[in-house]
Amino acid sequence: MLDNVDKGEIMSDLESFRHEVRDWLEASCPEEMRQPMESEADAVWGGKKGQYSKPQLLWLERMASKGWTVPEWPTEYGGGGLTKEEAKVLRSEMQRIKARSPLQSFGIWMLGPALLKYGTHEQKLEHLPPIARGEIRWAQGYSEPNAGSDLAALMTKCEDKGDHYLINGQKIWTSYADQADWIFALVRTDFEAKKHEGISFILVDMDQPGVTTKPIKLISGKSPFCETFFDDAKADKRQVVGELNKGWSVAKYLLTHEREMIGGMGSGAMRPAGDVAVQMLGKDENGRLADPFLRTDVVRMEIDGLAFMSTMERVADEAKAGQGTGANSSVLKYYGTELNKRRLELMMDSAGQDGLEWGADDDVAASWLRTKGNSIEGGTSEVQLNIISKRILELPSA
Amino acid sequence: MAMVLNEEAGMLKDAARGFLADSAPVAQLRKLRDTDSADGFDRKTWAAMAEMGWTSVLVPEDQGGVEMGHVAAGVIAEEMGRTLTASPFLSTAIMGATALTRFGSDGQKSEWLPRIAAGEAITAIAVDEGRKHNPSSVATKAERSGNGFKLSGRKSFVVEGHVADMMIVSARTAGSEAEAEGVSLFLVPIDAAGLTVDRIKTVDSRNFATVTLDGVEVTADAVLGEVDGGLAALEAVLDAGRAGLSAEMSGSAQQCLESTVGYIKERKQFGQIIGSFQALQHRAAHLYSEVELGKSIVLKALQTLDAAPDHAAMMVSAAKSKLGQVAQLAAQEGVQMHGGMGMTDEFDIGFFMKRVRVAEALYGDANYHAEKFARMRNY
């Protein structure tokens, strides 16, 4: 009985929180921010170099003032201090009015979780609030020309110069590095140690002469990735996260967040592939999508998509309940990206010859080509299968 | 609803796994096959299941059941899929109980549900007539006769038909063969005059029968649900069965994966454990991913059946379609990775391949449910 009373009270607390959120969102979310995003340009990434519209900035500022750009982070670090249940309420209320996410951010998705786990109180105070407010945009400096899938082979050199670190080397595939203010990077601090044991995780201000970036033009025609060069770049001694030479643990932890982020990308608020195909190609006299082979591919993909979404949900709920395994992020990364590639292949099939046009901002062809990178970035599909083999199935090494 | 088992279902799962591993492992099915068992299942095991409350998992408390819901029923079915346990659980505890609980009259409920709950009655669903599952294609006729009906026709592939005490039979009371309207359901006791049951042997060594109805007379009280409007009820009963079969296939797929991974960790060729070869590792890891997706969609379908049974059809079709593919992939990869040993009768993996082929075909194969899913998604 007591149990029921408690549950009742919790429910009513959550319900009053829901009303509070609903009223606040109604009053605070600008009308323009309730429209679906049309293109990349509609996404707000923050940072010193970003150019955004008035409603975009207003929405970001209002959400940040509540700590709701990062609802579950502690309030002292700029978060909302919400419980998982309250954050869920916030998300569902935002969905209800179709409110856009106020801020996209590698700081939120990747660095934040790593800092919360491995950072000192001072590091958290210095870096988390500007991330939450969208003031500082972060880039990720992991891969190097000779350290791709074999990430731990990285050679960017970081030397202790007494009062600071000196960094020399090159990173590649740094997403939006040309737009970023700071970079979290993996560097080698011990060249004598075994390859996983001489790596450190360091935070570097990109606003200095020693750091330069150069965009890489991709097959999609776009340049979301850069090369980033360190030539005698400096970093303060306090910017190493976790222990010196123990950066690989931080890197791996962060990668599990990155994998889930990339794996989940294909599952968001996209129009169902079946609806798109019908709109493009119409139906036959029996009410079926006019192209029977495409219809088969679409339905298989949609069923797999539903199973994938259910798996995302299950993995999250299991983590909350203290069950499950962290290595499941590799399943989500592997399956989600392969699924997204399938989805865009079907979009191209549905669009037909019209889909082959090139040049506009919202070309389906550009999106199609972009997805080919999903199963490469953040650890290739083959690397994910290796991780599943070793960590989950415990198969032996050759 | 959180996608984790609650404490009660978690305990049921542990208990079921322990019981089935001890009392009804694959060796039991092997023995039933090799001794050409007349029942095709072990009555002692069935009685023990009833004692543990498994037969009453979907029976309401006021009819002597424990009414734990479809997630719990699925947990049991999943564990049975791991051991390939032969029993009338699907036809009786899932489908029979669902049919009577949701659509039975008070009289029908009190006649059958307490006996189902106690493990004293076995029920079967006689639905299909052709080569492929198609519940709306009904040629079996039910003609009005006195204050009742007279049933004539032939039903194929009736699960547990040869051991059933009562059969739920779909028959046409109006309309032409492929129409949705005009189908009615009848409760037919096994000793009814004119009813002939012929057991058929199937590849999975389980229990199916062909049922012939030659002017079988039933009273008006035998109608389950509404006259002419039985198809919707039948679909609901089938969906409960399809979800149960999906859970069973999920258990079988998990077991195939685990046995196969276990085997490639032991087997040596070229002086190496074959599980160290990346060619096999990636296949196993892909299979693991598919099996994980299968587990999720099954749980989703079962939860939807409990929370909103009238809106579960799409999720159930997604689950049945997906698991049909996942379980077959698991069995096929299992046999391949077991190499020559996978082709032997001595190894269990072949039993799994045979059973999932049958479970996949039963009540609509992967293609049938993909088609149904596309229809429901309006393309």
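Select chain B to begin: in this predicted model, chain B has an average pLDDT of 97, and 100% of its residues score at least 70. Chain A may be selected next; its mean pLDDT is 91, with 95% of its residues at 70 or more. Within chain A, please select residues 1–7, where the pLDDT is below 50 and where the model shows zero contacts beyond near neighbours in sequence. Where pLDDT is low, the predicted coordinates should not be read in detail. For the model as a whole, the scores are ipTM 0.96 and pTM 0.90.

**The domains of each chain**

Colour chain A by its domain assignment, which gives domain 1 (2–104), domain 2 (138–246) and domain 3 (266–392). Between the C-alpha centres of domain 1 and domain 2 of chain A the distance is 33 Å.

Chain B may be coloured in the corresponding way: its assignment gives domain 1 (7–122), domain 2 (124–229) and domain 3 (231–376). Select domain 2 and domain 3 of chain B, whose centres, taken over C-alpha atoms, are separated by 30 Å. Their contact draws 16 residues from domain 2 of chain B and 14 residues from domain 3 of chain B. On the side of domain 2 of chain B that touches domain 3 of chain B, eight residues are nonpolar, six are polar and two are charged.

**Helices H5 and H7 of chain B**

Two packed helices are described by the angle between their axes and the distance between the axes. Select helix H5 (residues 89–103) and helix H7 (residues 230–266) of chain B, which pack at an angle of about 150° with their axes 9 Å apart. H5(B) and H7(B) are therefore roughly antiparallel to each other, and H5(B) passes H7(B) in a right-handed crossing.

Display the side chains where these helices meet. H5(B) contributes Leu90(B), Ile94(B), Met95(B), Thr98(B), Ala99(B), Arg102(B) and Phe103(B), and these meet Ala233(B), Ala236(B), Val237(B), Ala240(B), Gly241(B), Gly244(B) and Leu245(B) in H7(B). By class, this contact of H5(B) with H7(B) comprises ten nonpolar, three polar and one charged residues.

**Further along H7: helix H10 of chain B**

Keep H7(B) selected and add helix H10 (residues 349–361) of chain B; the axes of H7(B) and H10(B) come within 10 Å and cross at roughly 155°. That angle makes H7(B) roughly antiparallel to H10(B). The crossing of H7(B) and H10(B) is left-handed.

From H7(B), the residues to display are Leu245(B), Glu248(B), Met249(B), Ser252(B), Gln255(B), Cys256(B) and Ser259(B), and from H10(B) they are Ile349(B), Phe352(B), Arg355(B), Val356(B) and Ala359(B). This contact of H7(B) with H10(B) divides into seven nonpolar, three polar and two charged residues. Leu245(B) merits a separate selection: this residue of H7(B) takes part in the contact with H5(B) and in the contact with H10(B).

**Where the two chains meet**

Now show both chains together: 33 residues of chain A are in contact with 31 residues of chain B. On the chain A side, select helix H7 (273–281), helix H8 (292–320), helix H9 (328–351) and helix H11 (381–392), the elements that each give two or more residues to the side touching chain B. H8(A) gives the most, with 14 residues. By class, the side of chain A that touches chain B has 19 nonpolar, six polar and eight charged residues.

For the last stop, select H9(A) together with helix H8 (residues 278–307) of chain B, whose axes come within 10 Å and cross at roughly 90°. H9(A) and H8(B) are therefore roughly perpendicular to each other. Display Val331(A), Tyr334(A) and Tyr335(A) in H9(A), which meet Ser289(B), Glu292(B) and Leu293(B) in H8(B). Four nonpolar, one polar and one charged residues make up the contact of H9(A) with H8(B).

Terms used
Residues numbered from 1 in each chain as written. Chains lettered and ligands numbered in written order. Predicted model: local features only at pLDDT ≥ 70, side-chain atom pairs only at ≥ 80, totals over all residues. Contact = placed C-beta atoms within 7 Å. Helix = DSSP H or I, 4+ residues; strand = E, 2+ residues; numbered from the N terminus. Nonpolar A, V, L, I, M, F, W, Y, C, P; charged D, E, K, R; others polar. Axes fitted to C-alpha atoms, helices over the stretch in contact; angles between N-to-C directions. Parallel < 35°, antiparallel > 145°, perpendicular 65-115°, else oblique. Domains from an automatic or database assignment. Left-handed = near helix turned anticlockwise from the far one by under 90°.
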